[in-house]
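Trainee: I would like to learn how to read a model like this one. Could you take me through it feature by feature?

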Amino acid sequence: DIDGDKAATVYNYYFSTGATAVEDTQSPLILLTNPTDGAQNVPLNPLFHVRFDEPVHPSSVLAAGNDQVKFSTDNQELWYFKDTPLKANTDTTETFTGILDTSGNAIADKQIKFKTAQRADVTPPALQSITPANGATNVPVNAIVRVSFDEPLNPLTVTQTGVYLYDTALGTKVTATMTLEPGGRDISLVASAPLTASRTYYVYTYNVQDLANNVYSNAYSFT
């Protein structure tokens, strides 16, 4: 360091180029954000969450003030909180600029615009309804599963890793299309093939988060 002290441990890092690797001249793209562009009633303490289509260089993401910035292990997602709450009932713009991928290609500047709510959110999302109902029997084999919450969810946390149908007889996930509906409150699961008659299935909703990083996890069953 600047005092002349040596590092306690020597670190070595390595990487490998692909057999068909070529120069990367493409700018990284932002795939999803939380809050989403045009969102309404965003709490005053949102978790800003961004997913890119490729790894970005962490040192190119400069925190504004003392904002806390973290990255996923593959550097394709970043998230941060503001150190001070946003202003209530205010049209707000967040700008992403100057972010580079590992080859030095910069993103095209992007803005998301949203309107804040009246207060911060420190309460996990609450389940409003689930169809089929928990414990339901004689459910049609072509049933569409729908889980509804009382507030919008962070779309980056609604993934097939945490939201899925589970076949208790086979002990495996059911292949299904999972969709976060417009408005961000409703999740639907549509199995790719008819379910098996007289069989119990579980609906898992694990680690879904609202816009302020409050977490909901639970499981339900039907037959």
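Trainee: How many of the residues of the protein chain count as buried?

Mentor: Buried means under 20% relative accessible area, exposed means over 50%, and partly exposed lies in between, with a 1.4 Å probe and protein chains only. Of the 223 residues here, 36% count as buried. Bear in mind that this is a predicted model, in which local features need pLDDT of at least 70 and side-chain atom pairs count only at pLDDT 80 or more, whereas totals for chains, interfaces and linings use all residues. Residues are numbered from 1 along each chain as its sequence is written, and side-chain values use heavy atoms, leaving out hydrogens and water.

Trainee: How many helices and strands are there in the protein chain?

Mentor: Both are DSSP runs numbered from the N terminus: helices are H or I with at least four residues, strands are E with at least two. This chain has zero helices and 14 strands.

Trainee: And how do I read a sheet?

Mentor: Strands of a sheet pair through backbone hydrogen bonds, either parallel or antiparallel. Two strands pair if DSSP finds at least two bridges between them. One open sheet here has four strands in the order 10-9-13-14, paired antiparallel. Strand 10 (172-173) and strand 14 (215-222) are its edges, each pairing on one side only. Between strand 9 (residues 163-167) and strand 10 there are two bridges, and Asp167 stands opposite Thr172.

Trainee: Which side chains point to each face along strand 5?

Mentor: In a regular strand the side chains alternate between the two faces of the sheet. Along strand 5 (residues 91-96), Thr92, Glu94 and Phe96 point to one face and are buried, while Asp91, Thr93 and Thr95 point to the other and are not. Strand 5 is joined by six bridges to strand 6 (residues 110-115), running antiparallel; there, Lys113 is the bridge partner of Thr93.

Trainee: Glu94 has a charged side chain, I take it. How many salt bridges does a search of the whole structure find?

Mentor: Side chains of opposite charge can pair when their charged atoms come close. A salt bridge is a side-chain nitrogen of Lys or Arg within 4 Å of a carboxyl oxygen of Asp or Glu. The search finds four. In one of them, Glu94 meets Lys82 at 3.2 Å, N to O. Lys82 sits in the loop between strand 4 (77-81) and strand 5, so this pair ties together parts that are twelve residues apart in sequence. Glu94 is buried, at 9% relative accessible area, and Lys82 is partly exposed, at 26%.

Trainee: What about Asp167, from the sheet?

Mentor: Asp167 pairs with Arg199 in a salt bridge of 2.9 Å, N to O. Arg199 lies in the loop between strand 12 and strand 13, 32 residues from Asp167. Asp167 counts as buried, because its relative accessibility is 4%.

Trainee: Which residues touch the most other members of the largest nonpolar core?

Mentor: A nonpolar core is a set of buried Ala, Val, Leu, Ile, Met, Phe, Trp, Tyr and Cys residues joined through side-chain atoms within 4.5 Å. The largest has 22 residues, and Leu165, Val203 and Phe222 touch the most other members. Strand 8 (145-149), strand 9, strand 12 (186-191), strand 13 (201-209) and strand 14 each give two or more residues to this core. Apart from it lies another core, of 17 residues, including Ile30 and Leu211.
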